[in-house]
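Work through the exercises below with the model open. Each task is followed by a solution in steps.

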Amino acid sequence: MRNDHDFSKRFLPAVCGAVFLALSAPWAGAHTASGVAPEDVAAAHSADLTTARLENTIGTRCALGDGVPQNYSLAAHWFNKAALHGYAKAEYNLGMQYYFGQGVNKDEAKAAYWWEKAAAQGIPAAQYNLGNLYFLGQGVPQDYGKAGLWWRKAAALGNVQASRNLATLAQVHPEYREVAAVREKTVAAP
């Protein structure tokens, strides 16, 4: 009789590999009129972009247990592979893994690192989360100016909670009410 642990070690990679192949076809038509989704503009080569998308999708499936047994470690592995291609969604997802300690050791500084990479590429959820980290001083030095800058970017892209956080910041610290004041008080604007 097989040891359950040995079975999982052999079974999970095989299942995720099968998911990789099964997901290849649906992604072929998932483009905007320009041929590339807005969050996909960071990848330099189309082959890297296709690979990164698939790696991120496999990671998502593993994290959610969608069609495969839920496995956060395996999800983090796939998100990392996609993030190394510069794929913004994977950078965001890897930041989530580090923030919550799912499949990796909880590390707010690494979450901030990955969210900053995704935020710089225009992912509103990463901008919002990064603003929260700066506001609270989690994984980064507390900096209300940087929090305000990231929340403004997220709000400009439609993140409603970022707008609410900006209003709260203005109430708690009126000196951060105006955009110009936020820029002046931030040493190195992102």
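The expected span of a helix is 1.5 Å times one less than its number of residues. The model used here is predicted.

**Exercise 1. Lengths of two helices**

Task: Compare the expected span of H6 with the distance between its end C-alpha atoms, then do this for H4.

Solution:
- Step 1. H6 covers residues 124-136 and has 13 residues, so at 1.5 Å a residue it should span 18 Å.
- Step 2. The end C-alpha atoms of H6 are 18 Å apart, which agrees.
- Step 3. H4 (88-100) also has 13 residues and an expected span of 18 Å.
- Step 4. The end C-alpha atoms of H4 are 19 Å apart, which agrees with the expected span.

**Exercise 2. The chain as a whole**

Task: How many helices and strands are there in the chain, and what percentage of its residues count as buried?

Solution:
- Step 1. The chain has 9 helices and 0 strands, so its elements, read from the N terminus, run α-α-α-α-α-α-α-α-α.
- Step 2. The chain holds 190 residues, and 40% of them count as buried.
- Step 3. Take the contacts between residues at least 6 apart in sequence: 52% of these join residues at least 24 apart.

**Exercise 3. Burial of H4 and H6**

Task: Which residues of H4 are buried, and what covers them? Which residues of H6 are buried, and which helices do they pack against?

Solution:
- Step 1. H4 is mostly covered, with 10 of its 13 residues buried.
- Step 2. The buried residues of H4 are Ala88, Ala90, Glu91, Tyr92, Asn93, Leu94, Gly95, Gln97, Tyr98 and Tyr99.
- Step 3. Their cover includes H2 (46-64), H3 (72-83), H5 and H6.
- Step 4. In H6, the buried residues are Ala126, Gln127, Tyr128, Asn129, Leu130, Gly131, Leu133 and Tyr134.
- Step 5. These pack against H4, H5, H7 and H8.
- Step 6. Look just past the end of each helix: Gly101, just after H4, takes a positive phi of about 65 degrees, and Gly137, just after H6, takes one of about 75 degrees.

**Exercise 4. Packing of H6 on H7**

Task: Is H6 roughly parallel or roughly antiparallel to H7, and which residues make the contact?

Solution:
- Step 1. Two packed helices are described by the angle between their axes and the distance between the axes.
- Step 2. The axes of H6 and H7 come within 8 Å and cross at roughly 160 degrees.
- Step 3. Angles over 145 degrees count as roughly antiparallel, so H6 is roughly antiparallel to H7.
- Step 4. The crossing of H6 and H7 is left-handed.
- Step 5. H6 contributes Pro124, Gln127, Tyr128, Leu130, Gly131, Asn132, Tyr134 and Phe135, while H7 contributes Tyr144, Lys146, Ala147, Trp150, Trp151, Lys153 and Ala154.
- Step 6. By type, the residues of this contact divide into 10 nonpolar, 3 polar and 2 charged.

**Exercise 5. Two glutamines**

Task: Where is Gln121 placed, and is Gln127 buried or exposed?

Solution:
- Step 1. Gln121 sits in the loop between H5 (108-120) and H6.
- Step 2. The relative accessible area of Gln121 is 25%, so this residue is partly exposed.
- Step 3. Gln121 and Ala88 lie 33 residues apart in sequence, yet their C-alpha atoms are 6.4 Å apart in space.
- Step 4. Gln127 is in helix H6; its relative accessibility is 4%, so Gln127 counts as buried.
- Step 5. Leaving out residues up to four places away in sequence, Gln127 touches Ala119, Gly122, Trp150, Trp151, Lys153, Ala154 and Leu157.

Definitions and conventions
Residues numbered from 1 in each chain as written. Predicted model: local features only at pLDDT ≥ 70, side-chain atom pairs only at ≥ 80, totals over all residues. Heavy atoms only, no water. Helix = DSSP H or I, 4+ residues; strand = E, 2+ residues; numbered from the N terminus. Buried < 20%, exposed > 50% of the residue type's maximum accessible area, 1.4 Å probe, protein only. Contact = heavy atoms within 4.5 Å. Axes fitted to C-alpha atoms, helices over the stretch in contact; angles between N-to-C directions. Parallel < 35°, antiparallel > 145°, perpendicular 65-115°, else oblique. Left-handed = near helix turned anticlockwise from the far one by under 90°. Nonpolar A, V, L, I, M, F, W, Y, C, P; charged D, E, K, R; others polar.
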